[in-house]
Structures are given as structure tokens and as C-alpha cells.
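Thanks for sharing this one. Here are a few notes to read with the model open beside you.

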Amino acid sequence: MAVKIKTLSGYFHEYQKSVVNPEQFWGQQAEDFFWRKKYTCVLKWNFKEPRIEWFKDGQLNLTENIFERQVFTLQDQPAIIWEPNDPNEATVQLTYGQLFEKVKQFSNVLISKGIHKGDRVAIYMPMIPDLAVAMLACARIGAVHSIVFAGFSSTALADRIIDAEAKMVITSDGSYRGSKQISIKPLIDEAVEKCPSVETIIVKKRTGIPVTMQAGRDFWWDELTAGASFDNVATVMNAEDPLFVLYTSGSTGKPKGLVHTTAGYMVYTSFTFRNVFQYSQGDIYFCSADIGWITGHSYIIYGPLLSGATTLMFEGIPTWPNAGRFWDIVEKYNVNQFYTAPTAIRSLMAEGNQFVEGKEMKSLKVLGTVGEPINEEAWHWYHDHVGKNRCPIVDTWWQTETGGVLISPLAGITPTKPSYATLPLPGIQPVILDNEGNELKGNSVEGNLCIEFPWPGIARTIYGDHERFQQTYFSSFPGYYFTGDGVKRDEDGYYRILGRVDDVINVSGHRMGTAEVENAINEHPRVVESAVVGFPHNIKGQGIYAFVVCNDMDESTSEEGIIHSIKIGVNNIIGPIARPDKVLIVSGLPKTRSGKIMRRILRKIAASDYTNFGDTSTLLDPMVVDQIIEKSKTLK
Ligand code: WT7
């Protein structure tokens, strides 16, 4: 039977088992699920090609494990509680039984529009229950969903649709975000102009703003479902059939579509959900992420629903109508587990304590964080003011690529330490390597975080580019999965994540590739070249700092105008999350004689740290550095 760990010694015991005999351990975790055909082979793998196959010869459908498997116990229990953007609008609660009906019905809609097993379906929607219905319906018929966070620009959406060759886009007319009403459908129209693969667009009405519908291509969600049957038999999937693609940024090139497959992801997200959050039947669980990110996939939808949980979906933002909104929601629904990002905690902390002070939040048992390192001050504020000193904090470290949490306390079981993700979950074998690839054993060491053995939730490939998958994650340190993070293991063997060691910036818990932002900046007609780095930011964790070289600059040029239009440009090409916080126009970038930009110098300047630039002997023109330093001091 699948385990739920209850004590610290239980954790050590299970961890030991999972390392000594991983196949037996995970075979056991997978047993309780409903298999159309039971697996006989738990794991086949090598990290060289890499090839990773879990429960390879098993057959199943993930949605049968949410619905049919749990139907007798959970029929009338709320699966999804939806809190709208406007606190005065009616909430929606869907029981497992009601959600099942909607998923079956929408599965039939997808089939009637020619979607088959293996086809890709792009989803670009606000946080409304229909988003959950759309993704589960894809999973039910074996279509591969590719959800794109609805803050991305039409260009960014088009790039993702083209890469995945999606046949359909599911979207809405518009959305609500705080006091704003946002129009979505025109953005979709603009994107699909560049996407010949898209045959159908399904539009859910949310705001009711007028939109144009192209006959034969665009259909209203409600009209299609009105005539659709509720009878639907799930498509039988192989364990390793893809479940979804999700794009994320890397150090270089365009975003990569990470592919997650069916059985391993199912087993891993439900195992980690139950154990990390210590969810008990009847609890109300609230994760404030957007479903457009992996956190929402794994810990708003799949992990909780596979565990029979009640999961709360919130459409709005933490600061509207005021900075007490999260706490109001916790009190309104008696939330037991609350999971958010350090950036949200820091921004609410900055608004002052008056929004949290009067809120007792007696129901809260567990607090979680994810997405970026949490600083001690934010950790303590979360612990004292939100958790009222009685709720353990689970600082969960993981990535889009890992599918689920890898290093984290188990709530109330693992003793916590502020800013530490603490210990690896069962099945996870972290190692710390120096830059030459030597393993740093024992405690009190610091280096590159790698994992030396597969777990069921790990991504299997990059969509359409297995070679890039191998290159990105398995080539820096042969034989290991390389996370891109630096880590410290302290004297107690606890892990503390130090942040990215590559050219990925983590802005408010969102990953941005420096190359991606540079490419967007370089599209500006005045820009000759640019270099983007992260810098410490009080609220966002990291901000984006762009050093830009422009042509035809003279006394009369308004730098302000150019800087402004560069920011707008990035906003339009990628989306608001990529908009640089600071743009500095410089006369040249610090390059080596071989033409490589010395980013470490720029990182230091961006952090206003002008000491100790290390070895600069390979710089082509050391004067450039002094010029940049001088100019950077004029930037606020
Ligand atoms: C990167 C992955 C996993 C869902 C959200 C982000 C950073 C994530 C933590 C944490 C310190 C963290 C890492 C990682 N990160 N969680 N608890 N402590 N850093 O997913 O967009 O794939 O980003 O986020 O740097 O590599 P993602």
C-alpha cells in the first residue's frame, strides 16, 4: 500500500527503503491506483541517452484514477472550490461527481472537434474551473495539453503553439484581475495567424466583452457543451504516453517544452502531495499559484485530485480589494493548508501587518512556499503573522522538470530551519558536485545540485528535441541530472538552495532566460546588442537588469525615450513578467578577447558591488568596465 509517513523515524525508514530498493518502493506506491493493465516492470533507465521509463508496460488513464477509482468514497465531496476575482461574485463548488460529469462532457466535445490521442491542445485561460475541466478532459482522451500562462504575450503564445504543433486552442473572451478587465480573444486571434496547425478555437465566456468569432474555426464553449453527452469512456494510455507539455525558460535559446508522462507523474504528484502537506480527508487545501505554471499543474490539480482532496482555485490577485485577500479566503473557507511563493509573502509583508493581524485563521495547519529561496525575514513573518507561530512551514524545492517536490520538510514531521528546504523526499538521491564534477561528500559542503537516480515525476524529454534534453540536463555532469541550482548541505545534513548557477533569472518565482530577454531587447531598432543579468530585488527576489548598446547616440538623443520603448517592447514580445526593471545604455559591453560577455562583472555592477571583479586579464577593453560602473551609479 502507498505510504503516508507520520513520524520522523518513519521518514528515515521509508527513505532508507526507497534508496536500497527503489523499484520495490515505487512499485508499492503505485499499487493502489487503478490500472487497466498492471505493470510488471517498475523502472528502466539510464541517464546517458537519457531514457527513463516507469511502470513501462502498465496501462491506465489518469482521470479514471481521479474519478472512477474514488467514486464511491468521494462522489459528494467538493473537488474544486472556486473563489472568483471579485469577492462579491458567487463562488462555485464542484463535487467530485459534478466535476466528473463536466470532464466527460467536455471530453466528448474535444472528440467531436477531431482531437485524438496524442494531439496537442494549447490552453490559455484565466483561473476558472473550466480550465481544470479542459485539462482533465485532455487527459481523459489522451490529448497532450500545453497550458500557457495567460500573462504571456501573443508572440510568446504563438511560439509555444508552433513548437507543439497544437491543433486546438482553448481560451476565454477575457479575464478579471483585480480591478482590471483584460481582453484575451484578440490576443489569441493574433497568435494563431502565425500558427497553421490550429484548426479550432474554443472560447469560454467569462467577462462577456464582445469578441469576433471566425466561422468554422471558433466555437463557444457553452454551445458545444450544451449538446454534448455525459457518457464517456476514458482512453487507455500506456504508462509512458505523454500527459502534458509545459514550456519553461533555460539559459539559452527559446523556451523548452518539458514532456511529462502519465503513470510516473501520477504516482509522484499524489505521493508528494499527501506526504509533504500531510493532507487528511476533509481538509481544504489552497495553493495560490496559477495553473499555467508547474506548481498549478502538480499541486492545484493533479496531486490534490488524485489524493481525493478539496482544492481551492483562486481567480484574483493577493492585493485586491486589499492586501488581506489571501487571509480572507483562508477564513472564508477554513483553509487547512496554504501554499504560496516567497515573492507574494514579501509583497504582503511590505503592505504592513494591519491586513493580517485581525485574521485568526484558526483552521490553518500547514504553510508552504515554493519557487525561489525564501529569505529569513519573510520566513519569520510568514511563520509568526500568518501561521501565528503554530503552523510548520514546508519550503519545497523543485522545478518544472522534476514534476513534483524533491527536497522539502514533511509538514509537522521534519524539524524546520528558516531558508532551508531541509531533506530529500523518499526516492530522491541528491549529490553535490564541484565544478569539475567531483562529488563533495559529507556535511558542510557547497556546490552544484545534481540527482543521481530517477524518480517517477522527472520529465522524460523536451518536446521535439531529445538532444537538447540530454545536453541541458545530462551532459554537464555525465551520469547525473543537473538541476542548475547551487546548494549547501550544512552541518546537520540539511539542504539550503542557493539559487541558479546558470543564466536563468528567477523573477518573482518565475523563470526567465537571459537570452530570451536579450533577444526581445535586440528587436528594438536602436539596439546593437545587450546583456541581461539578475540583481537582488526586495520583493521579486531577483529583478532584471539590462545593459544595452545603442546606435547613433549623441547629445541630443533622449535616453529616457529609448529605455521606455525597450521596456514596452519586451513587455509586448514576452509579457509583463519579462519587463526589465533597469535598463542602462552603455557604450560597450565587457567582452573577452574571444568575444564572450563577462556576465559575472555585469552581475556585480547590477548588485552595486564594485569590489573584487576577479580575473579580468582576458578583457578586451578594461576601460569599458569603469565606464559602465560610472554610468550605473546614475541609474536609480
Ligand atoms: C527553479 C525552478 C517548482 C515550482 C516553481 C518554480 C527555484 C524553486 C525553490 C525553493 C529555492 C527554489 C530553483 C529552481 N526554486 N523552489 N523552495 N527554494 N529555490 O519552478 O519555474 O521550474 O523554477 O526555481 O532555482 O531551479 P520553475
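1. A good place to start is Gln105, bearing in mind that this is a predicted model. Apart from its neighbours within four places in sequence, Gln105 is in contact with Thr225, Ala228, Ser229 and Phe230. Gln105 belongs to helix 5, which covers residues 96–112. Its side chain reaches the backbone oxygen of Thr225 at 2.9 Å. Is Gln105 buried or exposed? Its relative accessible area is 13%, and since buried means under 20%, Gln105 counts as buried.

2. Next, have a look at the eight-stranded sheet. It is open, its pairing is mixed, and the strand order is 12-11-8-6-7-14-15-23. The edges are taken by strand 12 (218–220) and strand 23 (461–462); each has a single partner strand, so one side of each is left without a neighbour in the sheet.

3. Within that sheet, strand 6 (residues 120–123) and strand 7 (residues 144–147) run parallel and are joined by four bridges. If you want a pair to find on screen, Val121 stands opposite His145 in strand 7. Strand 7 also has a helix across it: helix 11 (residues 294–306) lies across strand 7, strand 14 (242–248) and strand 15 (256–261). The helix runs at about 140° to strand 14.

4. The other sheet to check has four strands. It is open and antiparallel, in the order 21-22-24-25. Strand 21 (430–433) and strand 25 (495–500) are its edge strands, each pairing on one side only. On average, neighbouring strands of this sheet are turned by 45° against each other, direction ignored.

5. Strand 22 deserves its own point. How many bridges join strand 21 to strand 22? There are four, and strand 22 spans residues 445–451. Two of the partnerships can be named: Leu433 has Asn448 as its bridge partner, while Ile432 has Leu449. Strand 22 is also joined to strand 24 (residues 481–489), here by six bridges and again antiparallel. On that side, Cys450 has Phe482 as its bridge partner. As for burial, six of the seven residues of strand 22 are buried, so the strand is largely enclosed by the rest of the structure. A reminder for when you inspect side chains: in a regular strand they alternate between the two faces of the sheet.

6. Please also turn to helix 13 (residues 342–350), which is mostly covered, with seven of its nine residues buried. Which residues of helix 13 are buried? They are Pro342, Thr343, Ala344, Ile345, Arg346, Leu348 and Met349. These buried residues pack against two helices, helix 12 (325–333) and helix 15 (376–386), and against strand 18 (337–340), strand 19 (366–370) and strand 29 (541–550). After helix 13 comes Gly352, with a positive phi near 100°.

7. Lastly, a loop residue. Where is Asp609 found? It sits in the loop between helix 19 (599–606) and helix 20 (623–632). With a relative accessibility of 28%, Asp609 counts as partly exposed. The side chain of Asp609 makes a polar contact with the side chain of Thr611, at 2.8 Å. Asp609 and Ile629 are 20 residues apart in sequence, and their C-alpha atoms are 9.6 Å apart in space.

Conventions:
Residues numbered from 1 in each chain as written. Predicted model: local features only at pLDDT ≥ 70, side-chain atom pairs only at ≥ 80, totals over all residues. Heavy atoms only, no water. Pairing = 2+ DSSP bridges. Axes fitted to C-alpha atoms, helices over the stretch in contact; angles between N-to-C directions. Contact = heavy atoms within 4.5 Å. Buried < 20%, exposed > 50% of the residue type's maximum accessible area, 1.4 Å probe, protein only. Polar contact = N/O pair within 3.5 Å; in protein donor to acceptor, adjacent residues only side chain to side chain.
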